[in-house]
Amino acid sequence: MEKTKYINSDLNWKKFDDKYHFSSQFTADLFAMNHTDFIITSTFQEIAGSKNTVGHYESHTAFTMPGLYRVVHGIDSFDPKFNIVSPGADTSIYFSYTEKEKRLTKFHPEIEELLYSPVENKEHLCVLKDSNKPILFTMARLDRVKNLTGLVEWYAKNARLRELVNLVVVGGDRRKESKDLEEQAEMKNMYNHIETYNLNGQFRWISSQMNRVRNGELYRYIADTRGAFVQPAFYEPFGLTVVESMSCGLPTFATCNGGPFEIIVHGKSGFHIDPNQGDKAADMLVYFFEKSKEDPSYWDTISNGGVQRSFNLHLALLKCVTRLSKSLSC
């Protein structure tokens, strides 16, 4: 469902219908939600939102598509058909960087090549001149809603953040020509940011990485640099990378819109950021890295808080799956 991912997509449906087919999609969503007997979601946020945010399903309760139709009671977000079973991170792949005996050190030469190779190619663009800096890391599809280019711009405009850390973005695939118009536009934005803000030397853009096992060690390798993970999406229903990074002990900053708002306890197991206020998000990152530099135990506190929070979420998932299995077998 795309409704909450794009602001006022219902009111502006005509403007985007050729590209996103909102008229057909929102209608299909309504039929599907009301005809199903059992709906499984990742978080409560996805169903009914919070005091300050609208839930993914809740957004279909009442809305208007001018010139097409008006929805008065599209869905009851408190219907018992809604059930929460949060996906967890595979603990055999995503575990704390402190578990030295389990670390997959065989991947370190490959990871070092990805991050620090002085040679540019279609897999990695730009170089990191100072390998002693912590790494600010993100990994996602190169979609507009994931807002990777937004994060790059926040970083580029904040001189202090650029002094403190390097930025590494994994997203998109420069090894082949994309047929997706949105991804093409985001790639163009990325190239423009690199040139406009002279990012080469402090920034590395890596094409999408599909080796999940190595990606687990990549999170931990970046934790070794005393870095952090950022998930800057405009909206994220759940946020699996958020749980993955927290499980690996990498302090995590994630969007306040959607599932991460429920996953992270702000200031204890990570931080919430508003993707629509990039300057404030960048300042929060500066504060974190400055404080961690002055007092290394602060970084450790947030790292440990993330690991514990992800562990608790994993236990809750196992309990939910057990209850669901029992109910389905009755």
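**Exercise 1. Find which residues serine 208 is in contact with, leaving aside its neighbours within four places in sequence.**

Step 1: Contact here means heavy atoms within 4.5 Å. With that rule, serine 208 is in contact with Val170, Gly171, Gly172, Asp173 and Arg175.

Step 2: Now place the residue. Serine 208 sits in the loop between β8 (203-206) and α8; helices (H or I, at least four residues) and strands (E, at least two) are DSSP runs, numbered from the N terminus.

Step 3: Try one distance too. Serine 208 and arginine 174 are 34 residues apart along the chain, and 8.5 Å separates their C-alpha atoms.

A word on the model: it is predicted, so local features need pLDDT of at least 70 and side-chain atom pairs count only at pLDDT 80 or more, while totals for chains, interfaces and linings use all residues. Residues are numbered from 1 along each chain as its sequence is written, and side-chain values use heavy atoms, with hydrogens and water left out.

**Exercise 2. Locate the partner of arginine 103 in a salt bridge.**

Step 1: Look for a side-chain nitrogen of Lys or Arg within 4 Å of a carboxyl oxygen of Asp or Glu. The structure holds 13 such salt bridges.

Step 2: For arginine 103 the partner is glutamate 217, with the closest N and O atoms 2.6 Å apart.

Step 3: Check where the two ends lie. Arginine 103 is in the loop between β4 (82-84) and α4 (108-116), and glutamate 217 is in helix α8 (residues 212-224), so the pair links distant parts of the chain, 114 residues apart.

**Exercise 3. Describe how domain 1 and domain 2 meet.**

Step 1: Start with the bounds, which come from an automatic or database domain assignment: domain 1 (13-84) and domain 2 (100-309). Their centres, taken over C-alpha atoms, are 31 Å apart. Domain 1 brings 12 residues to the contact and domain 2 brings 10.

Step 2: Turn to buried area, the accessible area (1.4 Å probe) that two parts lose on being put together, summed over both. Between these domains it is about 820 Å², and carbon and sulfur atoms give 54% of that. Thr43, Gln45 and His56 supply 47% of the area that domain 1 buries against domain 2, more than any other three residues.

Step 3: Count the salt bridges across the interface of domain 1 and domain 2: the rule finds 0.

Step 4: See which helices take part. On the side of domain 1 that touches domain 2, α1 (13-20) and α3 (44-48) each supply at least two residues. The largest share, 3 residues, comes from α3.
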